[in-house]
Amino acid sequence: MRIIVCDNYDLLSKKAAQIIGSQMILEPKSVLGLATGSTPIGMYRNLIKMYEEGLIDFSKITTFNLDEYYQLPIDNDQSYHYFMDENLFNHVNINRENIHIPNGMSDDIEAECTLYEEMIDNNGGIDIQVLGIGNNAHIGFNEPTINFNKGTHIVTLEESTREANARFFNSIDEVPTKAITMGTGSIFKSKKILLLASGKNKAEAIYNTVHGKVTPEVPSSILQFHKDVIIILDKEAASLLNEDDYELMSEFTKTK
Ligand code: PGA
């Protein structure tokens, strides 16, 4: 694991966008695994800026999103389809046919999950997967459980996850109780993984990801076994790590 700690969220977002942008420049037909939530929003803003400046091109990029709520219409402003349009896709030249997000409205969820895995495989797998992390160390919507989940599947959300996400809805009653998510196995198959975390409330989950026992009760701990993981944190999310664990990045202009 390579761990980079940034002075603040803005720098974290720039670094993350530079890594995704570099991947896109080196391999214009990259398959990107994308995440929702508040953490990657700054990264998406920077990617849009890089696109507007002519530095990156989405025309041949393929994307797979980690998850989507179950039975939340895609035009609902809390759906992850809506989130991705608002925060990235509507602002760049991506080919709509190359966008993949699990269909939580499918009548046949089992078939939808199988198809999603097949589509990832048929596209050659994910080159770089962006992850946020839950306060309970979930990745995607893989909640703490007794077995690592393999492929895309339907999951019942933990109350703590629904409470954390209630801030985006009018009330907790509106937060769906289920979601479709790529499994920890699907995530683990990605060639490279970029995990982002910001804020003190993520510090314990990050400590357990890096130093804890590898267990499905801490879903992110599986990343200890992956050969190519970059974790980018702000100082608050890194606050329980030792300085020996990470590289510290400050704005060069500020340190020179
Ligand atoms: P957040 O969510 O980025 O909004 O904190 C992360 C997650 O729950 O995976």
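In this predicted model, the shell of residues around the ligand divides into 1 nonpolar, 6 polar and 2 charged. The members of this shell are Gly37, Ser38, Thr39, Gly132, Ile133, Gly134, His138, Arg167 and Lys202. With glycine counted as polar, the one nonpolar member can be picked out by name as Ile133, and the two charged members are Arg167 and Lys202.

Several of these residues can be followed down to single atoms. The side chain of His138 places an N or O atom 2.7 Å from an oxygen atom of the ligand. For Ser38, a polar side-chain atom lies 2.8 Å from a ligand oxygen. Arg167 also takes part, with a polar side-chain atom found 3.0 Å from an oxygen atom of the ligand. On its own, the ligand has 280 Å² of accessible area, and the protein covers 84% of that area.

It helps next to step back and look at the surroundings. The ligand sits in the largest pocket, where the space amounts to about 650 Å³. This pocket is lined by 34 residues, and those closest to its centre are Thr36, Gly37, Ser38, Asn165 and Arg167. Two or more lining residues come from each of strand E4 (67-69), helix H3 (80-87) and helix H5 (159-165). Among the elements, H5 gives the most to the lining, with 4 residues.

Some names return here from the description of the ligand. Gly37, Ser38 and Arg167 are among the residues closest to the pocket centre, and these three residues also belong to the shell around the ligand. For Ser38 and Arg167, the side-chain distances to ligand oxygen atoms were given above as 2.8 Å and 3.0 Å. As for character, the lining of the largest pocket is made up of 18 polar, 12 nonpolar and 4 charged residues.

A separate feature of the model is an enclosed space. The count comes to 1 cavity of 30 Å³ or more, and the largest cavity has a volume of about 30 Å³. Its lining is formed by Asn142, Glu143, Thr145, Asn147, Phe148, Asn149, Thr184, Pro216 and Pro219. By type, these residues divide into 5 polar, 3 nonpolar and 1 charged. The charged residue is Glu143, while Phe148, Pro216 and Pro219 make up the nonpolar part.

Technical notes
Residues are numbered from 1 along each chain as its sequence is written. This is a predicted model: local features need pLDDT of at least 70, side-chain atom pairs count only at pLDDT 80 or more; totals for chains, interfaces and linings use all residues. Side-chain values use heavy atoms; hydrogens and water are left out. On a 1 Å grid over the protein atoms alone, a cavity is a set of points where a 1.4 Å probe fits but cannot get out, and a pocket is an open set with protein on both sides within 12 Å along at least five of seven lines; lining residues have an atom within 4 Å of a point. Grid points are joined across faces, edges and corners, and a volume is the space filled by probe spheres set on the points. A residue is near a molecule or strand if one of its heavy atoms lies within 4 Å of it. A polar contact is a pair of N or O atoms within 3.5 Å; within protein, one must be able to donate a hydrogen and the other to accept it, and residues adjacent in sequence count only if both atoms are side-chain atoms. Accessible areas come from the Shrake-Rupley method with a 1.4 Å probe; for residues, only the protein chains shown count as cover. A molecule sits in a cavity or pocket if more than half of its atoms lie within 2 Å of its grid points.
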